[in-house]
Amino acid sequence: MQQLTRIICDPNVMGGRPCIRGSHITVGTVLGLMAAGRKTTEIMAAHPTLEPADITESLAYAAWRVDEVMEAPLRPV
């Protein structure tokens, strides 16, 4: 796993949810926008403090968490 330098988890910021450093923009917000089909440029236009590396690192963080924390196996619906 690469060193994550742009994602913070601070209990005093957004209740400890993973955020982009120096902001209240959560990794979940970034991922939700991407899942909704937003392009990196659209996300950065909506959140001007973001840089492309913030979005890339949000994806890396999510991939790491999914791989590391799997509380229950997924079941077919």
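How far should the 17 residues of α3 span at 1.5 Å a residue, and how far apart are its end C-alpha atoms? The expected span is 24 Å (1.5 Å times one less than the number of residues), and the end C-alpha atoms of α3 lie 25 Å apart, which agrees. This is a predicted model, in which local features need pLDDT of at least 70, side-chain atom pairs count only at pLDDT 80 or more, and totals for chains, interfaces and linings use all residues. Residues are numbered from 1 along each chain as its sequence is written, and side-chain values use heavy atoms, without hydrogens and water.

**Two faces of α3**
- Asp54, Ile55, Glu57, Ser58, Tyr61 and Ala62 are the buried residues of α3 (under 20% relative accessible area, 1.4 Å probe, protein chains only).
- Seen down the helix axis, these buried residues fall within an arc of 165°, so they line one face of α3; the arc is that of the directions from the axis to the C-beta atoms.
- Thr56 and Asp67 are exposed on the face turned away from the buried side (over 50% relative accessible area).

**How α3 meets α1**
- The axes of α1 (residues 27–35) and α3 (residues 52–68) come within 9 Å and cross at roughly 100°, with axes fitted to C-alpha atoms over the stretch in contact and angles running from 0 to 180 degrees between N-to-C directions.
- The two helices, α1 and α3, are therefore roughly perpendicular (65 to 115 degrees).
- Val27, Val30, Leu31 and Met34 of α1 meet Ile55, Ser58, Leu59, Tyr61 and Ala62 of α3 (heavy atoms within 4.5 Å).

Key
Helix = DSSP H or I, 4+ residues; strand = E, 2+ residues; numbered from the N terminus. Parallel < 35°, antiparallel > 145°, perpendicular 65-115°, else oblique.
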